[in-house]
Amino acid sequence: MASDSDRALMEVALEQARAAAEAGDVPVGAVVARGDEVLARSGNAREQAQDPTAHAEILALRRAAVMVGSWHLEGCTMYVTLEPCAMCAGALVLARIDRLVYAAADPKAGFAGSLGDLTRDPRLNHLVEVETGVLETEASELLREFFRQRR
């Protein structure tokens, strides 16, 4: 069950998702936190940067690594409004993130339980604890509205 802290940090991720939508990107937001301390936050920036790797999770991981001075992000949690794709799930494992909390599942591209699960694959050298559904309704509605306006 999600803690008050998990919900508060997911709210920060939702703010990042809203900002991404305002900039014309798919509304996904991510936060890297150590305890209650926000180390980094970002929204999707693929359209702005014209970079296929500019997913919210990747940008937040890069910023968090700079903040701590290491690519090793043990003791950190990633909060993201949409289940990470294969690239982002792999990056979480490689960064040694301890925990992933995501809002909405992504049955078409999610790799933290939907299409596959890189985060908990026992063949890899690191496993990520995963919690789902934190503020799922809010994140799902934001995505639905974004794509409704695009059609």
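User: How many helices and strands does the protein chain have?
Analyst: In this predicted model, the protein chain has five helices and five strands, and, read along the sequence, these follow the pattern α-β-β-α-α-β-α-β-β-α.

User: OK, and what about the largest nonpolar core, how many residues has it?
Analyst: That core has 47 residues, and those with the most contacts inside it are Met10, Val32, Leu61, Met78, Ile97 and Leu100. The elements that give two or more residues to it are the helices α1 (4–22), α3 (56–68), α4 (86–94) and α5 (136–150), together with the strands β1 (29–34), β2 (37–43), β3 (77–82) and β4 (99–104).

User: Which element gives the largest share?
Analyst: That is α1, from which six residues of the core come.

User: Back to Leu100, what is it in contact with, leaving aside neighbours within four places in sequence?
Analyst: Leu100 is then in contact with Met78, Val80, Pro84, Leu92, Ala112, Thr119, Val128, Glu129, Val130 and Glu131. For the protein chain in general, among contacts between residues at least 6 apart in sequence, 57% join residues at least 24 apart.

User: Switching to overall shape, what is the radius of gyration, and what would a compact globule have?
Analyst: The protein chain has 14 Å, which agrees with a compact globule, because one with 151 residues would have a radius of gyration near 15 Å. Along its principal axes, the C-alpha trace spans about 40 × 30 × 30 Å, and 52% of the 151 residues count as buried.

User: And the charges, how many positive and negative side chains?
Analyst: There are 16 positive and 23 negative side chains in the protein chain, with the centres of the two sets lying 4 Å apart.

Technical notes:
Residues are numbered from 1 along each chain as its sequence is written. This is a predicted model: local features need pLDDT of at least 70, side-chain atom pairs count only at pLDDT 80 or more; totals for chains, interfaces and linings use all residues. Side-chain values use heavy atoms; hydrogens and water are left out. A nonpolar core is a set of buried Ala, Val, Leu, Ile, Met, Phe, Trp, Tyr and Cys residues joined through side-chain atoms within 4.5 Å. Buried means under 20% relative accessible area, exposed over 50%, partly exposed in between (1.4 Å probe, protein chains only). Helices (H or I, at least four residues) and strands (E, at least two) are DSSP runs, numbered from the N terminus. Contact means heavy atoms within 4.5 Å. The radius of gyration is taken over C-alpha atoms; the globule rule is 2.2 Å times the number of residues to the power 0.38. Lys and Arg count as positive and Asp and Glu as negative; His and the chain ends are not counted. The place of a charge is taken as NZ of Lys, CZ of Arg, CG of Asp or CD of Glu.
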